[in-house]
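Please open the structure in your viewer and keep the sequence panel beside it, since this tour moves from one selection to the next. At each stop you will read what to select and what is there.

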Amino acid sequence: MQLFSKELSSTDINHRLAIPTASLEAFEIPPGEHSVDVLAMDADGNVWRFLLSTRTNETHPKPVFYGDWRQFVQNKGLRVGDKVIFEMEDDLGDGVRFRIRAQKKRIRLLGADIWVDV
């Protein structure tokens with residue numbers, strides 16, 4: 001099940017990935033806590049450990065991924081305008097419940113963008 005898809009901004013590339021607040025319900029943040037480790041597998045079978053963090057004293061939680069995020073960006077060669085897709089799976093083994101895909105826009109064909117996984 002797809003949790004979110006996002007075209008990357010400069011902040012996403014250079015610092016942290018801001019994720020949609022609506023996707024927070026898929027992550028099990030313990031009561032009273034404001035962060036949790038999230039393990040996600042990429043298309044190559046690599047497991048990435050992202051730290052999902054929310055604001056501690058704001059009404060808008062503004063969730064973001066830190067942790068291995070910058071390494072993931074560098075490993076995939078991502079740039080502003082590229083896309084990530086984050087999906088929830090039943091079980092990918094070793095406690096991994098999420099899949100992350102990185103995509104680059106290759107061409108525009110008949111008015112539609114054509115994306116390819118990297």
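Begin with the whole protein chain in a surface view: its accessible surface comes to about 6900 Å², and 46% of that belongs to carbon and sulfur atoms. Accessible areas here come from the Shrake-Rupley method with a 1.4 Å probe, and for residues only the protein chains shown count as cover. Before going on, note that this is a predicted model, in which local features need pLDDT of at least 70 and side-chain atom pairs count only at pLDDT 80 or more, while totals for chains, interfaces and linings use all residues. Residues are numbered from 1 along each chain as its sequence is written, and side-chain values use heavy atoms, with hydrogens and water left out.

**The whole chain**

Switch to a cartoon view, where the protein chain shows two helices and eight strands; helices (H or I, at least four residues) and strands (E, at least two) are DSSP runs, numbered from the N terminus. If you follow the protein chain from the N terminus on, its elements run β-α-β-β-β-β-α-β-β-β. The radius of gyration of the protein chain is 15 Å, close to the 13 Å that the globule rule gives for 118 residues, so the chain is as compact as a globular protein of that length. That radius is taken over C-alpha atoms, and the globule rule is 2.2 Å times the number of residues to the power 0.38. Along its principal axes, the C-alpha trace of the protein chain spans about 50 × 35 × 25 Å.

**The nonpolar core**

Of the 118 residues in the protein chain, 37% are buried, where buried means under 20% relative accessible area, exposed means over 50%, and partly exposed lies in between (1.4 Å probe, protein chains only). In soluble globular proteins, nonpolar side chains tend to be buried together. Now select Phe27, Phe50, Phe65, Trp69, Phe72 and Phe86, which touch the most other members of the largest nonpolar core, a set of 25 residues. The elements giving two or more residues to this core are β1 (2–7), β3 (35–41), β4 (47–53), α2 (69–76), β6 (83–88) and β7. A nonpolar core is a set of buried Ala, Val, Leu, Ile, Met, Phe, Trp, Tyr and Cys residues joined through side-chain atoms within 4.5 Å.

Which residues does Phe72 touch, not counting those up to four places away in sequence? Centre the view on Phe72 and you will find Asp42, Trp48, Phe50, Leu78, Val84, Ile100 and Ala102, contact meaning heavy atoms within 4.5 Å.

**Asp42 and its neighbours**

Move next to Asp42, found in the loop between β3 and β4. Is Asp42 buried or exposed? At 1% relative accessibility, Asp42 counts as buried. Leaving out residues up to four places away in sequence, Asp42 touches Trp48, Phe72, Lys76, Arg99 and Ile100. Add Asp44 to the selection as well, for Asp42, Asp44 and Lys76 are linked in a network of salt bridges.

**Salt bridges**

The structure holds 11 salt bridges, each being a side-chain nitrogen of Lys or Arg within 4 Å of a carboxyl oxygen of Asp or Glu. Select Asp37 and Arg49, whose side chains meet in a salt bridge (3.5 Å, N to O). This pair links distant parts of the chain, with Asp37 in strand β3 and Arg49 in strand β4, 12 residues apart.

Select Glu89 and Arg99 next, a salt bridge in which the closest N and O atoms are 3.5 Å apart. Since Glu89 lies in the loop between β6 and β7 and Arg99 in strand β7, the pair ties together parts that are 10 residues apart in sequence. At 26% relative accessibility Glu89 counts as partly exposed, and Arg99 is also partly exposed, at 23%.

**The outer surface**

Turn to Leu110, in the loop between β7 (98–109) and β8 (112–117). With 86% relative accessibility, Leu110 counts as exposed. Together, Ile107, Leu109, Leu110 and Ile114 make a nonpolar surface patch of about 420 Å². Patches are made of residues with over 30% relative accessible area and no salt bridge, like charges being joined within 9 Å and nonpolar side chains (Val, Leu, Ile, Met, Phe, Trp, Tyr) within 5 Å.

Finish at Gly32, placed in the loop between β2 (17–18) and β3, which is exposed with a relative accessible area of 70%.
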